Amino acid sequence: MICVGLDWGRDSHTYAIAAPGGELLGEGVVENKTWRFENWAREVELHGADVRLVLESGNGLATPVEAFASTRGWEVARVTAAAVKTYREHIMGDNNKSDTIDARAIAFLGASSKTHATRSKDRLALRAATRDRDKLSKEKTRISNRLRQAIAEIMPEFTTDVFPTLDRSSILHLLIHHPDPLDWVRLDVAGIQLLLTAAKIRSRQSYIVKLVQLASQFCDVLQPGDKSVCLTRIRMLARRLKNCMDEHAEVVEFIEVLASGDADVQLLTSIAGAGLVTSAAIVAEIQDIKDFANESKLASFVGVALKKHQSGKTEYWAPQVRSNRRLKRYFMHLAMQHAALDVRSSAYYQKKLAEGKRPLQARRALARQLVRVVYKM
């Protein structure tokens, strides 16, 4: 198999062709235009019909040529920029960086070592979507806390009794359009119901009655000017939270669309406690299970495998420091859900607690077992 190393660029790509033994067969430049790729592919295949195209990991500039190579039946693989730099400096002994030298380093590296198969576009999109969901979840929490603080300045009872259910669209609608609690008292239950009905928002009458009762206990402790600023801030934060929640819901729907066509995600949902979003997040972070030689490698990547440390005569075991923190968080969450639904997992968790493990250590031990299950599945 001949190996084509491609150093991608905006207008053109520099390439080098290497034989399996490391011999340079040819090199050149191809324009980043799809109608140029056909002639370029014919020139490459003159050196051999079995072709591996190796790309340096990066942005979408190489996407057209990557898609073309896949349709032509070439094997497409990637190497990291750090690997290319190390190979160029320490193996080739060349510290002068140029597109031609980088293309040669990529080609030689692809011909002489194992490369990772290029990722599925759907898997990459799934990983981006699940990470976006994590960011939006954190943003929702941050805005909610700021909104809670702002409301507490004028109506402390509201934050303690009602705020836990703030994700309800009825409360956000009122905070956006009528942030002053005195407006709720003037509108009364019937007026609030009419407003929510006009906005096509459903809410129980008993819930609205509670809101009006809390609003009637409103204690105006602010000066008129301060009150105006506080109400404006509440309206602004409520609107931001509503937009964040809507975007979060859209991302979750997108994740469900991507996950519905992924067999691995559907397989993981058979684990008790593993919902569609959690399963999608785990698969998205793992990407290709073939990248891990065994389940111990996967456990180290997750961060639930214990590593032996030594300081003088003291020896102790501790989790891996360098790991995928997102994936570890997903598995720890899955362990907690699984222990609540599965009898054997619950018994294993209780056994670890009886051995003197702390709850976090016991949950990590259960997560380690779940890594083994996921790898075998």
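What is the handedness of the crossing of α7 and α10? In the predicted model, the crossing of these two helices is left-handed. The axes of α7 and α10 lie 8 Å apart and the helices pack at an angle of about 140°. An angle of about 140° is neither over 145 degrees nor within 65 to 115 degrees, so α7 is classed as oblique to α10. On the α7 side, the contact is made by L172, L175 and I176. The α10 side contributes I234, R235, A238, R239, L241, K242 and M245. By class, the residues of this contact divide into seven nonpolar, no polar and three charged.

Helix α7 spans residues 169-177 and is mostly covered, with seven of its nine residues buried. The buried set consists of S170, I171, L172, H173, L174, L175 and I176. The residues that α7 places against α10, namely L172, L175 and I176, also appear in that buried set. In an α-helix there are 3.6 residues a turn, so residues three or four places apart point the same way. H177 also belongs to α7. With a relative accessible area of 47%, H177 counts as partly exposed, because this value falls between the cut-offs of 20% and 50%. Along the chain, H177 and L195 are 18 residues apart, and their C-alpha atoms are separated by 9.9 Å.

Helix α10 (residues 224-260) also meets helix α12 (residues 276-286). The axes of α10 and α12 come within 10 Å and cross at roughly 70°. This angle makes α10 roughly perpendicular to α12. The crossing of α10 past α12 is left-handed. Residues V252, I255, E256 and A259 of α10 meet L276, V277 and A280 of α12 in this contact. The contact of α10 with α12 has six nonpolar residues, no polar residues and one charged residue. Two packed helices are described by the angle between their axes and the distance between the axes. In these terms, α7 and α10 are packed at about 140° with axes 8 Å apart, whereas α10 and α12 cross at roughly 70° with axes within 10 Å.

Most residues other than glycine have a negative phi. Two residues of the model are described here for a positive value. Phi of Q287 is near 65°, a positive value in a residue other than glycine. Q287 is placed in the loop between α12 and α13 (295-302). The relative accessible area of Q287 is 5%, under the 20% cut-off, so Q287 is buried. A polar atom of the Q287 side chain lies 2.6 Å from the backbone oxygen of A284. K200, likewise a residue other than glycine, has a positive phi near 60°. K200 is found in the loop between α8 (181-198) and α9 (205-216). At a relative accessible area of 78%, K200 is over the 50% cut-off and therefore exposed. Thus Q287 is buried, whereas K200 is exposed.

R88 is located in helix α3 (residues 81-91). The relative accessibility of R88 is 6%, which means that R88 counts as buried. The side chains of R88 and D102 are joined by a polar contact of 2.8 Å. Leaving aside neighbours within four places in sequence, R88 is in contact with G93, D94, N96, K97, I101, D102 and A105. D102 is therefore both a contact of R88 and its partner in the polar contact.

At the start of the chain, M1 lies in the segment before β1 (2-7). M1 has a relative accessible area of 41% and is partly exposed. When residues up to four places away in sequence are not counted, M1 touches P20, D50, V51, R52 and E75. M1 and E56 are 55 residues apart in sequence, and the distance between them is 19 Å, C-alpha to C-alpha.

How values were computed: Residues are numbered from 1 along each chain as its sequence is written. This is a predicted model: local features need pLDDT of at least 70, side-chain atom pairs count only at pLDDT 80 or more; totals for chains, interfaces and linings use all residues. Side-chain values use heavy atoms; hydrogens and water are left out. Buried means under 20% relative accessible area, exposed over 50%, partly exposed in between (1.4 Å probe, protein chains only). Helices (H or I, at least four residues) and strands (E, at least two) are DSSP runs, numbered from the N terminus. A polar contact is a pair of N or O atoms within 3.5 Å; within protein, one must be able to donate a hydrogen and the other to accept it, and residues adjacent in sequence count only if both atoms are side-chain atoms. Contact means heavy atoms within 4.5 Å. Axes are lines fitted to C-alpha atoms, for helices over the stretch in contact, and angles run from 0 to 180 degrees between N-to-C directions. Angles under 35 degrees count as roughly parallel, over 145 as roughly antiparallel, 65 to 115 as roughly perpendicular and the rest as oblique. A crossing is left-handed if the near helix is turned anticlockwise from the far one by less than a right angle, and right-handed if clockwise. Ala, Val, Leu, Ile, Met, Phe, Trp, Tyr, Cys and Pro count as nonpolar, Asp, Glu, Lys and Arg as charged, and the others, Gly among them, as polar.
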